[in-house]
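Subject: Two-chain model, handed over with notes

Hello,

Here is the structure for your files, followed by what was found in it. Please read the notes with the model open.

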Amino acid sequence: MPLEVNGKSYETDEEGYLANLNDWNEDVAAALAAADDAELTENHWEVINFLREYYEEYQIAPAVRVLTKAIGKKLGKDKGNSKYLYELFPYGPAKQACKYAGLPKPTGCV
Amino acid sequence: MSETKKFVYMNRKAPYGTVYALESLEVVLIGAAFEQEVQLVFVDDGVYQLTKNQSTDGIGMKNFSKTYSALGDYDVNQIYIDEQSLKDRGLTMDDLQELTYEDEDDDWAEKSSMKLVNREQLAELIGNADVLLNF
C-alpha cells in the first residue's frame, strides 16, 4: 500500500516498510508513525537518527541487543536498556524504529 | 538452558557473482542472537570477501563489505584467514579490512578479531567444530 505524504506517493512493502531507502525524510517518518497512531518526540528522533547513521556505516539495521548496547554507549546508560526503548517503541525497538527510519526490517528480527 | 555449541562457518567464495558470501554473513548475524560460539574462516576465494575498498558500482549490487565491521558488535570476534589462500592470490593481511571488537572483560579495549592460520591450524579448527557450515 503506498504511503501518501504532502501529495507525494511512496512505495511500501506489505508490512509498511519503505521500499526505497532514499525516499526517506522527516515528514515521511512522521507519516509512517502516524499510520501506527504514534507520535515522534525528541527521544524517538534520537533513536531513529542513530539507526540511520548505523545503517549508513554498516549497511545493516542492528539487532535489538546490539542496538541497546550501542545506544547506551552513545546516549547514556539510562537510555541503553530495553525498558526505555520498548517504552518509546512498544512494537519492538528494532522493528518499529527501523520502520520509521526508512530502513529494511532488521536481519535476525523474528 | 541448552549448551553452547561451536559453529564454524567456512567462507570459500568470492563476494559477488554468487549469493554465498552475503547469505553466510546474514546467517552469522542471525545466529549471533543465539549466543553460540562462532568462528568464521575465510579460505580460497573467500579471502576476497574481506578485501578493502570494494566497489560494486559497476555491478548494481549492494556493497555489503562494510557489514563485516559490525561483526564485533555481534560478539563475533574469532575470524580466521587462511594464509595459503592469501598467498596464492598475491594478497597480504594489509589488503584486508581490519575487523575489531571491544573486549568487555578488558575495559572495552579495542582488539583485532582476525587471525592468520596455516593449514594445520585450519584442520584443527574444523576438527573441533560441533557444527560446520560451508558457504
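In helix α5 of chain A, the buried residues are Pro93(A), Ala94(A), Gln96(A), Ala97(A), Cys98(A), Lys99(A) and Tyr100(A). This helix runs over residues 93–100 and is mostly covered, seven of its eight residues being buried. Before going further: the model is predicted, and local features are reported only at pLDDT of at least 70.

What covers the buried residues of α5(A)? The cover includes α1 (26–35), α2, α3 and α4 (82–88) of chain A. Just after α5(A), the backbone has a positive phi of about 80° at Gly102(A).

Chain A as a whole

Chain A has five helices and two strands. In sequence order the pattern is β-β-α-α-α-α-α. The radius of gyration of chain A is 13 Å, close to the 13 Å that the globule rule gives for 110 residues, so chain A is as compact as a globular protein of that length. Its C-alpha trace spans about 40 × 25 × 25 Å along the principal axes. Of the 110 residues in chain A, 31% are buried. Among contacts in chain A with a separation of 6 or more, 48% are between residues 24 or more positions apart.

One residue of chain A was looked at singly. Tyr54(A) lies in helix α2 of chain A. Is Tyr54(A) buried or exposed? It has 23 other C-beta atoms within 10 Å; the cut-off for burial is 20 or more, so Tyr54(A) counts as buried. Apart from neighbours within four places in sequence, Tyr54(A) is in contact with Pro62(A) and Ala70(A). Ala34(A) is 20 residues from Tyr54(A) in sequence, and the C-alpha atoms of the two are 24 Å apart in space.

Chain B as a whole

Chain B has three helices and seven strands. Along the sequence they follow the pattern β-α-β-β-α-β-β-β-α-β. The radius of gyration of chain B is 15 Å, close to the 14 Å given by the globule rule for 135 residues, so chain B is as compact as a globular protein of that length. The C-alpha trace of chain B spans about 45 × 30 × 30 Å along its principal axes. Buried residues account for 30% of the 135 residues in chain B. Of the contacts in chain B with a separation of 6 or more, 77% join residues 24 or more positions apart.

The first helix and two strands of chain B

Helix α1 of chain B covers residues 20–31. Its 12 residues, at 1.5 Å a residue, should span 16 Å, and the end C-alpha atoms are 16 Å apart, which agrees. Which residues of α1(B) are buried? They are Ala21(B), Ser24(B), Leu25(B), Val28(B) and Leu29(B). These buried residues cover an arc of only 130° around the axis, which puts them on the same side of α1(B). They pack against β1 (6–11) and β2 (37–42) of chain B.

Both of those strands are mostly covered. In β1(B), five of its six residues are buried. In β2(B), five of its six residues are buried as well. How do β1(B) and β2(B) pair, in the parallel or the antiparallel sense? The pairing is parallel, over six bridges. Within it, Phe7(B) stands opposite Val38(B) in β2(B), and Tyr9(B) stands opposite Leu40(B) in β2(B).

Where the chains meet

How many residues of each chain are in contact with the other? There are 11 in chain A and 12 in chain B. On the side of chain A that touches chain B, α2 (42–58) and α3 (64–75) of chain A each supply at least two residues. The most comes from α3(A), with three residues. By type, the residues on this side of chain A are six nonpolar, three polar and two charged.

To place these findings on the model, start from α5(A), whose cover includes α2 and α3 of chain A. Those helices also supply residues to the side of chain A that touches chain B. In chain B, start from α1(B), whose buried residues pack against β1(B) and β2(B).

Regards

Note on methods. Residues numbered from 1 in each chain as written. Chains lettered and ligands numbered in written order. Predicted model: local features only at pLDDT ≥ 70, side-chain atom pairs only at ≥ 80, totals over all residues. Helix = DSSP H or I, 4+ residues; strand = E, 2+ residues; numbered from the N terminus. Expected span 1.5 Å × (residues − 1). Buried ≥ 20, exposed ≤ 12 C-beta atoms within 10 Å, placed from the backbone. Arc of directions from axis to C-beta. Contact = placed C-beta atoms within 7 Å. Nonpolar A, V, L, I, M, F, W, Y, C, P; charged D, E, K, R; others polar. Rg over C-alpha atoms; globule rule 2.2 N^0.38 Å. Pairing = 2+ DSSP bridges.
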